[in-house]
Amino acid sequence: MKRRTAALWGGAAVLVTAAAIWLWPRGNTVLHLGVFAGSYWGTPNGSSYQVLDDAIARFEEAHPGVTVEYESGIPVDEYSEWLAGHLLVGQEPDVFFVLPEDFGLLAETGALAPLDSLLDSADGPDRSLYYDACLQAGQYNGSQLALPYESAATVMFVNRTLLEAYDIPMPENDWTWQDLYAICQTIAAAQPDSANRDYGLYGYTWQNALYANGSTLFSADGRQCYLASDSVQAAIQFTQQLTALDGGYTVTAQDFDTGHVAFRPFLFSEYRAYQPYPWRVKKYSSFVWDCLRMPAGPDGDNTSELHTVQVGISARSRHRDLARALLCALCADTTAQSELFLQSQGISPLRSVTEDTTLLDRIFDETQGTSTFNSATIGEIMRTAAAVPQFAAREQALAMADTAVANALANNQSLVTALPTAQREIDLYLQNTG
């Protein structure tokens with residue numbers, strides 16, 4: 001009987017051991033990752049999951065017994081609602097992607113775990129690895145709450161075919177407001193009285209201009225508005241002068257798409273997506289186009305507005321250390337970031353990746369490549385880029401500022417008198433909602 005009992009226990013032990021061996025590769029700890037499908041930048045990208053899956057595979061190999069799971073097929077425009085729903089019932093992923101427009105609300109509601117101790121630790125990523133503006137995008141009240149995954153800066157698209165038709169040389173990357181105005185004025189002055197006119201500019205707003213004039217509309221904490229500042233007023237007045245050149249006509253996107261507009265601001269991701277064949281043929285095939293840095297204002301630089309997709313950790317994650325390791329595998333690993341830089345249309349927030357000449361040569365080999373916009377320009381764009389302050393009340397405050405400017409211009413009011421009143425109203429709104 002003892003021998004039989006021992007044999008039974010021995011058999012059970014073998015079964016348990018076999019089961020453990022069989023189950024081990026499948027993981028005894030599951031990390032949940034929140035991610036959207038495709039590209040945030042609205043450009044064609046069929047390899048978003050491939051980059052992610054490769055990074056996850058390397059992470060799982062380095063962490064035996066851990067499995068990373070994510071729900072696929074969530075469209076970008078549904079992702080915010082999907083994440084909010086999971087947060088509401090306490091079932092959010094351990095690690096999740098953070099869209100630029102969601103960061104402020106996630107930060108203010110305490111949904112994101114602070115990362116300062118990770119960045120300050122000996123085995124964590126050093127802050128100097130990242131471009132300043134990329135890192136700033138994930139900061140709230142002096143604390144780092146998310147790490148940058150992918151960025152895109154605003155650049156100026158240029159219809160080179162149209163410029164050549166007017167014998168206008170391609171501007172240099174250190175061009176200014178004066179240069180932009182002079183070109184637009186030349187095109188406007190050369191127009192015959194016909195319906196088939198050409199125009200200098202489409203889609204360039206006072207908000208584009210203010211960053212290049214060394215200004216910002218809101219404080220980093222979202223408690224103050226600077227609508228009435230001299231640099232913001234100068235940006236508004238400059239765009240007024242440009243609009244006046246169109247003689248009352250409202251230039252449209254179709255005008256640009258059909259080759260009748262010289263300049264249009266776009267995200268750099270648009271340039272990367274639609275320069276290579278065959279996407280270039282499908283989007284802009286009627287003219288040769290390129291891009292430049294944004295024109296510098298008198299009080300600023302060729303500064304571009306920067307948008308950054310980030311990754312954060314749930315404040316309620318039960319696997320905080322593993323979540324941090326996965327976060328680093330996505331946002332601080334040069335292999336993952338290099339693959340993303342090559343396969344996506346954004347720009348890596350890691351200095352070493354974005355300024356890697358080997359990677360940049362591969363990227364620019366796919367585009368037309370010109371003497372005005374090349375590999376060396378990317379690093380300069382990122383080093384001088386401006387992070388857009390993100391806070392929960394930003395969209396409403398921005399709408400209030402837009403309305404105030406539009407009303408002042410429509411009613412021929414002096415900006416010096418109209419904007420301070422609007423600024424006080426916006427400040428009051430921000431203080432009551434903060």
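This is a short talk on the cavities, pockets and nonpolar cores of one structure.

Thanks, everyone. One caveat up front. This is a predicted model.

Let's start with enclosed space. Rolling a probe the size of a water molecule over the atoms shows where empty space is left. Here we find 3 cavities of 30 Å³ or more. The largest cavity comes out at about 170 Å³. Its lining counts 16 residues. Nearest its centre are F36, G38, S48, Y149 and E150. Two elements give two or more residues to that lining: helix 2, residues 48-62, and strand 6, residues 147-159. Helix 2 has the largest share, with 4 residues. Now the chemistry of that wall. The lining splits into 10 nonpolar, 5 polar and 1 charged.

Next, the second largest cavity. Its space is about 70 Å³. The lining includes P100, F103 and A137. From further along the chain, L306, H307, T308 and Q310 line this cavity too. A387, V388 and Q390 complete the list. Which element gives the most to this lining? Strand 10, residues 305-313, with 4 residues. By class we get 6 nonpolar, 4 polar and no charged residues.

On to the pockets. The largest one holds about 530 Å³ of space. It is lined by 29 residues, and Y204, T239, T243, D246 and V251 are the closest to its centre. Four elements give two or more residues each: helix 8 at 177-189, strand 7 at 199-201, helix 10 at 230-244 and helix 19 at 394-410. Helix 10 leads, with 6 residues. For the class count, take 16 nonpolar, 10 polar and 3 charged.

The second largest pocket has about 450 Å³. Its lining has 26 residues. Q207, N208, E305, H307 and R394 sit nearest the centre. The elements giving two or more residues are helix 9 at 206-212, strand 8 at 261-267, strand 10 and helix 19. So keep an eye on H307, which is in the lining of the second largest cavity and is also among the residues nearest the centre of this pocket. Helix 19 recurs as well, in the lists for the largest pocket and for this one. By class, this lining has 13 nonpolar, 8 polar and 5 charged residues.

Now the packed regions. In soluble globular proteins, nonpolar side chains tend to be buried together. In this model the largest nonpolar core has 83 residues. Y79, F97 and L330 touch the most other members. Helix 14, residues 320-331, gives the most to this core, with 7 residues. Take Y79 in detail. Leaving out residues up to four places away in sequence, Y79 touches G34, V35, F36, I74, F96, F97 and L99. F36 you have already met, nearest the centre of the largest cavity. Apart from this core lies another, of 50 residues, including I168, Y211, M294 and A401.

One last residue: S269, in helix 12, residues 268-274. Is S269 buried or exposed? Buried. The relative accessible area of S269 is 1%, and the cut-off for buried is under 20%, so S269 qualifies. What does S269 touch, not counting residues up to four places away in sequence? W41, T43, A152 and Q345.

That's the tour. Happy to take questions.

Terms used
Residues numbered from 1 in each chain as written. Predicted model: local features only at pLDDT ≥ 70, side-chain atom pairs only at ≥ 80, totals over all residues. Heavy atoms only, no water. 1 Å grid on protein atoms, 1.4 Å probe; cavity = no way out; pocket = protein on both sides within 12 Å on 5 of 7 lines; lining within 4 Å. Points joined across faces, edges and corners; volume = space filled by probe spheres on them. Nonpolar A, V, L, I, M, F, W, Y, C, P; charged D, E, K, R; others polar. Buried < 20%, exposed > 50% of the residue type's maximum accessible area, 1.4 Å probe, protein only. Contact = heavy atoms within 4.5 Å. Core = buried A, V, L, I, M, F, W, Y, C linked by side-chain atoms within 4.5 Å.
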